[in-house]
Amino acid sequence: MKLSPQAAWNQTGFTVTGNPNGISGSSISELNYPVGISIADNDILYISDALNHRIIVIYLDSTIEPFTIGSRQSYYYDAGNKRVQKMSLNGSYPTTVSYVTGLQSSMNFYIDNVGNIYVSDVGNHSVFIFRLNLTNGLRVAGNGINGSTDEQLNAPYGIFVNDIETIYIADCYNHRIMKWLSNEPFGIRVAGDGTPGSLSTQVYFPTNVIVDENEYMYITESGSARVTRWAPNSTFGVCIVACTRTCGAAPSQISAPHSLAFDSFGSLYVGEWGNHRVQKFELLNYPISYNQPKLCPNVNWSEHGITFVNSSTLSSSALGIFIDLNDTIYVSDYSINKILIWSNQSISLQQKSVVSLYQYTSLFVTLNGDIYFENGNKTGRVEKFTSNSIKSEFVANFSGNCRGLFVDIQNSLYCSINSEHRVAKVLLDNDHHTITIVAGTNSSGSKSYQLNGPWGIFIDINFNLYVADAHNNRIQFFRRGELNGTTVAGNKTPNNLVLEHPTDVILDGDGFLYVADNDHHRIIQVRKDEYQCISSCKMKSGLASNQLNKPYSLRFDSFGNLYVTDEFNHRIQKFDILNNSCEIISTTAALTTEIPTTILLTTELPTTHACKTPQHSYLLPSYFVAPSCEDSTNIGFYCDILGTLCDIQNQCVNNGKCININDNQDYNCSCSLDFSGKQCQFDQRVCKENTCLNKGELIFSSLKNERIFSIFSARVTRWAPNSTFGVCIVACTRTCGAAPSQISAPHSLAFDSFGSLYVGEWGNHRVQKFELLNYPISYNQPKLCPNVNWSEHGITFVNASTLFSSALGIFIDLNDTIYASDFSINKILIWSNQSINFQQKSIDGLYLYTSLFVTLNGDIYFDNGNRTGRIEKFTSNSTKSKFVANFSGNCFGLFVDIRNSLYCSIYSEHRVEKVLLDNDHHTITIVAGTDSAGSELYQLNGTWGIFVDVNFNLYVADAHNNRIQSFRRGELNGTTVAGNDIPNNLTLNHPTDVILDGDGFLYVVDNDHYRIIQVRKDEYQCISGCEKEKGSASNQFDKPYSLRFDSFGNLYVTDEFNHRIQRFDILNNSCEIISTTALLTTALPTTTLVTCEVPATASLTTGLPAAALITTELPTTTLLTTESPATTLLTAKLPAAALLTTELPTTRASETPQHSYLSPPYFVAPSCEDSTNIGFNCNIPGTICDIQNQCLNNGKCININDNQDYNCSCPFDFSGKQCQFDQRVCKENTCLNK
């Protein structure tokens, strides 16, 4: 069981079984001293009814059909016969599992997941374990002697055992909970201070304990008649139910609680020995997808609305509206059959096209992004868009059109059927989809059980239903399970309020109503016995900002602003919240708890059970209310607990700082760099703690110390934890200097959000940046020299004898496996490592102009030709593709960036979109272009090939604008980087593809000029097809379409109308770097000084007094040598005055012997016999899971595909590639208890 530490329960319980008034009995609905309760996974409650000598079985969810008899078993302890019995869950076929002889007064038992039986023995003051099939028990806690030391127990009651055999014991008469580790002779007190009483530091006669996966303890206290929760390692507990400090039989009270259990919804059940009943306390803080702000009594809104959207965007009246927790706004536009979506109140919108949209459809969006609406082609047909899909799917059929739609927290869908004057619901998690009437009948009327033209509906977390009963001019309230309603607004309720055809109703966080009073053209707030008008209060229609004309529906955003669909004005108005400052007046009439010491409430029980509790009595609310405190932000009975939202409800993660806003009614998180979201929950760093290089390793700047002589080394090294050696990561030339690959006297270092390393150099008076290289990319980006060139004549890699059509899409992976699309036969052809033999991937349909992209794990992405914009993929070695995402148009370019976002260039819509593949919601975002063609910097015209670099900058072949556009990360205005006379008068004609090499230089397919162009800074050169004439010769093209590098730097070009793929071999990639004699000998006698020398032509001096020259004296026995032939000793002859000494304050040294050799432009580890190991000594595990474990939430990393990819084995209720999606109902960071 895993519950949120912030979970809260309704303080008013209701009786599941037994007499609510606390009287014992023997009928099937009565109990007589219930001792233990248990709830099975399918929400079946089992009760050991002690003095009735029976087990009661109750189906908590009556919709669940009985399961197969004998499929599962229950266990119970038969105390009188000293045995544990197992039987089928219907009570048949009992068998004895174990005789537990030798016990005196056994009280409770627990069976672990391997069948071991733990029994608490009150008489022996011990806990025993009976291993499977053994009758002799082994004492595992307590020493058999009544006492209060750590080795002793005193009347142990309830027990709980976790997966590692740690036992939690309700040590009843010692007033504490003991935690006993496996095989330990003593326990640890983890709750209660060992004294009786009802303070938060005490547990008073604890009778049972349950421990959740977060190690929070839930404890029944017979003496205090309450249930408390204790955080791990805490010195105090928090009362969660029955917090009145009195025992009794009221719904908010319990008496001598002996057992507790949780159902699958998180509701809490308490078995009461003293009241002979089982009480249920419902979990309150369920996750909801809509906004219900907590507002102050004096809150108000601007009377003048701001037009969020009007008829220039809306083709018809906007009627249905929904705003989710991220303030994404959804609006139905029925005349064009689209659902319009504005992400986070942006002015840019997305669209969901629907075959037909019902004019008066409501909209509802669930937490997972599913959008529910009514299809206009068939009466009562409700459909939904799953996240990022472009085609809706069937959900349910109602008997009439739904003017209101709502999905409650148990995933039941409600429909207000206007024509039938009733509200119906269907449970979506039930395959039967049985429809139930929850309000109204089939005929109109004004009785309390009738409705007349129901419109908007709202269901609160207690499943109470609110209905805008339009033709009855009222809002009706129906309690859960009741068909008789109560008028809560309208018909002179409250305070003579009259409504005229209300069409919508919503609730805020305090349960107060907000009503669209349609024919009065106004918005009303209803609070208890009063109401106030929010806008258009003169009840006259109009177009002014303080007027409405048939307001239809309304919703809150997360700040408490109100959005209203203004039907006849064809607009959506936003009314800003102005004042939400709560002025709380503290009085002396708050709760007092001082009671004469002689007043005691005693509930007489058998002598071994206690319920002796001090009594005080006062009027109880339906939920827990702390006393008023002079400091209005403090809480607790003694007003000594900080009570701001950020104190008790800090939801900021990733070191985000919680900031209280709106007078402690809400919060914001100030996020660290590269984190975002309401709770800073989105990690946008390229290099995370569990990716790339560091894996928790210590990275430090090498400075002087006696063992390493790091200033002499002038380098930066990385040391793994507990390692005896380090690895040089930058400045690995073994010389100090001012060259780009050298540093001198490094004193500090830092990393940016991309993982690039910055070094502060004392000796060179500069800060040097070393860029992170090893981003996980699946394509080739060779590092090329400035003088590189290629053969002008191509070699035909494959031609029409193999290709049935023009090869357009091409991809080459790091192993030089070549992938090409052949749309006429619906196949992807694959040549492994440039082999002439190829494999084939057959597809139902391949889009003619599809691009191809292959990720590191071997997944092949392509555009399916059977349906516009449908992207599919072949996973590695599969023969059948599967759906990935739907875009609104065909993708002429596809690209997957290093964060696993999929980009699509939609030629017909002149824009580029992306979707995050690791997010189940698959929200599509526009990253370049708009919906219309144009040549402005923010526009595109006929987008074709795309490329996204490791800094997330986007390059687009903007074909009809004859240019290559570059869009920096997050910017919608582009820059022309090739074409239109940039650079140096370069003119392109219909470019169709662009790629980058390792230095960021461009390679462009100039399609209608029949050539390939390289663009380097302010110049360009033609690689092939330079005459700009089409042809079939080896130095000609006829419509070159796309191009890719192999790992050697050779270029492959798809030659469309010649039906071939041409390879252009790299000819010259020799960078002219002059190397000097190469090795180092540094035998240092005791008195030898080392100087850092540079070539004479680069003579550097630092003008410091001669006396400041630093010497580093090495111990006599210390010799730093690198052996090389004597003839290779480096001597760089310099003028005497040109000798470089990096002179520092007298306590610092930077004098280093010089050696010089040709170093590569990036770090290369040596080849290792074990291909999964890395490091200079090949002794560091190098699998993806070792150095790049991306599994979150305790997911287990598993290497797959020969260490080219990984999977995460996720804990229960987590999912996603990295186990990043938390699907628990109860999370650690929601609601109340920090």
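1. A good place to start is the surface: Ile55, Val57 and Tyr59 make up a nonpolar patch of about 230 Å². Please keep in mind as you look around that this is a predicted model.

2. Val57, one of the patch residues, sits in strand 4, which covers residues 54-59. Is Val57 buried, exposed or partly exposed? Its relative accessibility is 36%, so Val57 counts as partly exposed, because that class lies between the 20% limit for buried and the 50% limit for exposed.

3. Stepping back to the whole chain, you will find 94 strands alongside 3 helices. The chain has 1234 residues, and 52% of them are buried. As for the outside, about 54,500 Å² is exposed, with 50% of that area supplied by carbon and sulfur atoms.

4. Contacts along the chain are worth a glance too. Taking those between residues at least 6 apart in sequence, 47% join residues at least 24 apart.

5. Now for the inside. How many cavities of 30 Å³ or more does a search of the whole structure find? There are 7, and the largest holds about 120 Å³ of space.

6. To find that largest cavity on your screen, look for Tyr290, Asn291, Phe458, Ile506 and Arg555, which lie nearest its centre among the 14 residues of the lining. Strand 25 (321-323), strand 37 (454-459), strand 41 (502-507) and strand 45 (551-556) each give two or more residues to this lining. Strand 41 provides the largest share, with 4 residues.

How values were computed:
Residues are numbered from 1 along each chain as its sequence is written. This is a predicted model: local features need pLDDT of at least 70, side-chain atom pairs count only at pLDDT 80 or more; totals for chains, interfaces and linings use all residues. Side-chain values use heavy atoms; hydrogens and water are left out. Buried means under 20% relative accessible area, exposed over 50%, partly exposed in between (1.4 Å probe, protein chains only). Contact means heavy atoms within 4.5 Å. Accessible areas come from the Shrake-Rupley method with a 1.4 Å probe; for residues, only the protein chains shown count as cover. Patches are made of residues with over 30% relative accessible area and no salt bridge: like charges are joined within 9 Å, nonpolar side chains (Val, Leu, Ile, Met, Phe, Trp, Tyr) within 5 Å. A salt bridge is a side-chain nitrogen of Lys or Arg within 4 Å of a carboxyl oxygen of Asp or Glu. On a 1 Å grid over the protein atoms alone, a cavity is a set of points where a 1.4 Å probe fits but cannot get out, and a pocket is an open set with protein on both sides within 12 Å along at least five of seven lines; lining residues have an atom within 4 Å of a point. Grid points are joined across faces, edges and corners, and a volume is the space filled by probe spheres set on the points.
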